[in-house]
Amino acid sequence: MTKETLAPDLKNCVQSSMLPDATAAFAHWQQAELGHEEDEAEIPDAERLGTGYALVWNAWALQLQGNACTDRSAPPASAAKAWHEATAEDVARFLQIRPGQRAHHQPGRQISEVTRRRYWRLLDRIYAHALLQGWVACNPVQAVHPIERPAPEQPTGHMLPPALWKALPRHFPGSDDLQGARDQAVLRLLYDLALAPEEVRLLTLASLRNARLAALATAQKPCFIQIEGTRAAQNRCLALPPTTQAALTAWLAFRRKSGTPAGTHAPLFESRKGGPLSIRALFHIASKTIALAQQASRDRALPLARMGPQVIRNTAIVHWLHAGVAPSEVVQRIGVEHPRALAHLQHCVDALQPIRLS
């Protein structure tokens with residue numbers, strides 16, 4: 001499945017009052033969540049467009065049509081459904097581990113519990129997007145009974161080596177051009193404030209506040225940033241360190257000169273095609289900078305487990321804890337409710353200095 005074949009369907013479904021078919025719905029989600037801006041060589045295999053994601057979605061659509069499975073639990077052809085008619089029972093059937101079943105995206109391998117979880121998460125993301133578009137009345141993935149859902153993953157957080165972390169700001173781009181100013185401001189928010197990647201993407205001009213916590217006027221310097229989220233803990237106002245203030249001030253100056261929308265609800269960081277910065281663009285900014293720092297370090301041959309914006313957030317959190325910031329204060333800074341949310345970083349903290357997080 002290529003961008004060339006998806007584009008006409010996507011265009012037609014936007015212009016038509018009819019619901020999109022499975023291919024167009026997938027393309028719409030793909031464009032909204034993943035974006036199409038940066039060179040695909042900069043993105044890890046698991047995030048590339050039109051590969052595993054599309055194959056899993058196609059297998060799902062085929063099962064709904066009654067063509068994907070040969071076992072007795074599959075619906076007969078007469079009960080074929082469109083993607084937007086799927087139920088929780090359809091999702092549970094798709095996620096079942098049946099004798100002889102193979103992974104949909106890699107037919108030579110038997111499906112594993114980890115793979116089932118990835119399928120579940122992908123369907124959940126696509127149907128959540130469809131729900132926002134008004135294409136479905138409810139998300140069938142969320143309606144699956146907890147007993148029938150794949151076992152939750154036990155994630156382990158990753159951090160950058162201390163020497164690389166200390167050297168990283170030296171490799172931030174300069175603020176002498178539009179893209180450099182934007183990227184430095186993005187990196188400063190990740191490095192200095194440990195914002196979540198999605199929080200960075202969804203910042204607007206109204207997120208910036210002056211020294212009195214009021215809306216920022218044109219000639220004023222940003223001193224605080226207001227973060228809004230779906231959970232109460234995510235709603236917080238953070239003071240900006242001088243380095244972040246300077247980076248944002250430089251970016252706002254270039255932003256005004258570029259003629260981009262200046263309304264309070266306009267994205268603080270726009271993509272090249274307008275709208276919020278895409279996940280792919282944010283990953284590119286972080287990974288390119290980390291790669292530059294690694295190439296300049298003595299440990300450049302040491303492979304890094306992660307090179308995206310999340311690892312910058314993780315490393316900032318771990319260094320705060322190592323510097324003596326109380327876990328209760330750290331969770332307030334990063335917008336989570338309880339120190340238990342830091343458990344996936346316990347091994348990273350212990351590697352520097354054993355600290356009890358809860």
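**Close-up 1. Asp192, a buried residue of helix α7 in this predicted model**.
Asp192 has a relative accessible area of 16%, which is under 20%, and therefore counts as buried. The residue belongs to helix α7, which runs over residues 178-193. Its side chain and that of Thr244 are joined by a polar contact of 2.6 Å. Leaving out residues up to four places away in sequence, Asp192 touches Pro241, Thr243, Thr244 and Trp320. Asp192 also forms a salt bridge with Arg188, with 3.1 Å between the closest N and O atoms. The two partners are both in α7, four residues apart, or about one turn of the helix. Arg188 is buried, as is Asp192.

**Close-up 2. Salt bridges at Asp90 and at Asp183**.
How many salt bridges does the structure hold? There are seven. In one of them Arg93 pairs with Asp90, and the closest N and O atoms are 3.2 Å apart. Arg93 and Asp90 are three residues apart in helix α4, so about one helical turn separates them. Asp90 has 5% relative accessibility and counts as buried. In another salt bridge, Asp183 pairs with Arg182, and here the closest N and O atoms are 3.0 Å apart. Are Asp183 and Arg182 buried or exposed? Both Asp183 and Arg182 are buried.

**Close-up 3. The packing of helix α7 with helix α11**.
Two packed helices are described by the distance between their axes and by the angle between them. How do the axes of α7 and α11 lie, and at what angle do they cross? The axes come within 7 Å and cross at roughly 35 degrees. Helix α11 covers residues 309-322. On the α7 side, the residues that meet α11 are Leu187, Leu190, Tyr191, Asp192 and Leu193. On the α11 side they are Pro309, Ile312, Ala316 and Trp320. Sorted by class, this contact has eight nonpolar residues, no polar residues and one charged residue. Asp192 thus appears here again, and Trp320 of α11 is among the residues that Asp192 touches.

**Close-up 4. Helix α5 and what covers it**.
Helix α5 spans residues 113-133 and has 21 residues. From its first C-alpha to its last it reaches 30 Å, close to the 30 Å expected at 1.5 Å a residue. Its buried residues are Thr115, Arg116, Arg117, Tyr119, Trp120, Leu122, Leu123, Asp124, Ile126, Tyr127, His129 and Ala130. Which helices are included in what covers these buried residues? Among them are α2 (22-33), α3 (52-64) and α4 (88-95). Helix α4 also holds the pair Arg93 and Asp90. Just after α5, Gly134 takes a positive phi of about 80 degrees.

**Close-up 5. Positive phi at Ala194 and Leu213**.
Most residues other than glycine have a negative phi. Ala194, which is not a glycine, has a positive phi near 55 degrees. Ala194 lies in the loop between α7 and α8 (197-201). With a relative accessible area of 0%, Ala194 is buried. Leu213 is not a glycine either, and its phi is positive at about 65 degrees. The loop that holds Leu213 runs between β1 (208-209) and β2 (224-227). Why does Leu213 count as partly exposed? Its relative accessibility is 44%, which lies between the limits of 20% and 50% and so gives that class.

**Close-up 6. Thr204 in the loop between α8 and β1**.
Thr204 is buried, with a relative accessible area of 18%. A polar atom of its side chain lies 3.4 Å from the backbone oxygen of Thr264. Apart from neighbours within four places in sequence, Thr204 is in contact with Thr264, His265, Ala266, Pro267 and Leu268.

**Close-up 7. Gly174 in the loop between α6 and α7**.
Gly174 is in the loop that follows α6 (162-167) and leads to α7. Gly174 is partly exposed, with a relative accessible area of 37%. Gly174 and Gln184 are 10 residues apart along the chain, and 6.8 Å separates their C-alpha atoms. Not counting residues up to four places away in sequence, Gly174 touches Gly180, Ala181 and Gln184.

Technical notes
Residues numbered from 1 in each chain as written. Predicted model: local features only at pLDDT ≥ 70, side-chain atom pairs only at ≥ 80, totals over all residues. Heavy atoms only, no water. Helix = DSSP H or I, 4+ residues; strand = E, 2+ residues; numbered from the N terminus. Expected span 1.5 Å × (residues − 1). Buried < 20%, exposed > 50% of the residue type's maximum accessible area, 1.4 Å probe, protein only. Contact = heavy atoms within 4.5 Å. Polar contact = N/O pair within 3.5 Å; in protein donor to acceptor, adjacent residues only side chain to side chain. Salt bridge = Lys/Arg side-chain N within 4 Å of Asp/Glu carboxyl O. Axes fitted to C-alpha atoms, helices over the stretch in contact; angles between N-to-C directions. Nonpolar A, V, L, I, M, F, W, Y, C, P; charged D, E, K, R; others polar.
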